[in-house]
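Here's a walk through one protein model, with an eye on charges, burial and a couple of odd backbone angles. Have a look at the structure first, then read on.

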Amino acid sequence: MRYAVITEDNTVVKNDTKEELTLEELQKLVGGYVERVTVSKESKLAFYVNENGKFTQDGNMVATQFWLDCLKEDGYDMNLFSDYIAGPAVLIKEDRYGNQTDLTDEDNESLMLTMIQMIEA
C-alpha cells in the first residue's frame, strides 16, 4: 500500500507496505493518539494526525495547504475555514468502505504541486 508522510519540516516521505497500516504503526508515525481528518471526499483522501498535535507540535504548512486545496476542489466555502494540521500527517487513500488503498500517481502529483507552489510563494 502506497502512502505519504508529511513531516513538520515540510518534507514528504513516500512509503510502500505490503498491508494496511495498523493503529500502532499510525501512532508511531504521528507520535501519539491518532485522529482521522477527511482531506477530500471526492478523492477519498484522509490524513491521520496526532490527536493532541495542536497542543504539542508545530503547524504543518504543506499538509494544511494540501488539505485546503483539496477542500476547495471539493467545493467548500473556504472563507469560513480556519483550521490547520499540526505535527506529522500520514496521507492515505481509502475505498468507499474506509479500507486503505494505494495513493495514485495523481494524488502524489497534487501533493508535489502544493509543495512547489509553496516554495515559489
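Let's start with E20, which counts as partly exposed because its relative accessibility is 39%. Keep in mind that this is a predicted model. E20 sits in the loop that runs between β2 (12–16) and α1 (23–30). Which residues form a negative surface patch here? The patch is made up of E19, E20, E24 and E25. Members of a patch have no salt bridge, so E20 and its partners in the patch carry negative charge without such a pairing.

Now for the charges that do pair up. How many salt bridges does a search of the whole structure find? The count is 4, and three of them are worth a closer look, including the one between R2 and D105.

| Salt bridge | N to O distance |
|---|---|
| R2 and D105 | 3.3 Å |
| D83 and K54 | 2.3 Å |
| K93 and D107 | 3.2 Å |

Take R2 and D105, whose side chains meet at 3.3 Å, N to O. This pair links distant parts of the chain: R2 belongs to strand β1 (residues 2–6), D105 belongs to helix α4 (residues 105–120), and their positions lie 103 residues apart in the numbering. R2 comes out as partly exposed, since its relative accessibility is 28%.

Next up are D83 and K54, with a salt bridge at 2.3 Å, N to O. D83 is in the loop between α3 and β5 (89–94) while K54 is in helix α2 (residues 53–56), so this contact ties together parts that are 29 residues apart in sequence. Are these two buried or partly exposed? D83 has a relative accessible area of 34%, so it is partly exposed. K54 is partly exposed as well, at 39% relative accessibility.

The K93 and D107 pair has its closest N and O atoms 3.2 Å apart. With K93 in strand β5 and D107 in helix α4, the bridge ties together parts that are 14 residues apart in sequence. How does burial look for this one? K93 is buried, with a relative accessible area of 15%, and D107 is buried too, at 4%. Both fall under the 20% cut-off for buried, so here you have a salt bridge with a buried residue at each end.

D83 also turns up in another setting, as a contact of T64. Leaving out residues up to four places away in sequence, T64 touches D83, Y84 and I85. T64 itself is part of helix α3 (residues 61–73). Why does T64 count as buried? Its relative accessible area is 12%, and buried means under 20%.

Finally, the backbone has two spots to check if you care about phi. N10 has a positive phi of about 70° even though it isn't a glycine. You'll find N10 in the loop between β1 and β2, and it is partly exposed because its relative accessibility is 27%. K44 is another non-glycine residue with a positive phi, in this case near 60°. K44 is placed in the loop between β3 (34–40) and β4 (45–50), and with a relative accessible area of 39% it is partly exposed.

Notes. Residues numbered from 1 in each chain as written. Predicted model: local features only at pLDDT ≥ 70, side-chain atom pairs only at ≥ 80, totals over all residues. Heavy atoms only, no water. Helix = DSSP H or I, 4+ residues; strand = E, 2+ residues; numbered from the N terminus. Buried < 20%, exposed > 50% of the residue type's maximum accessible area, 1.4 Å probe, protein only. Contact = heavy atoms within 4.5 Å. Patch = residues over 30% accessible without salt bridge, like charges linked within 9 Å, V, L, I, M, F, W, Y side chains within 5 Å. Areas by Shrake-Rupley, 256 points an atom, 1.4 Å probe, with all protein chains shown as cover. Lys, Arg positive; Asp, Glu negative; His and termini not counted. Charge placed at Lys NZ, Arg CZ, Asp CG, Glu CD.
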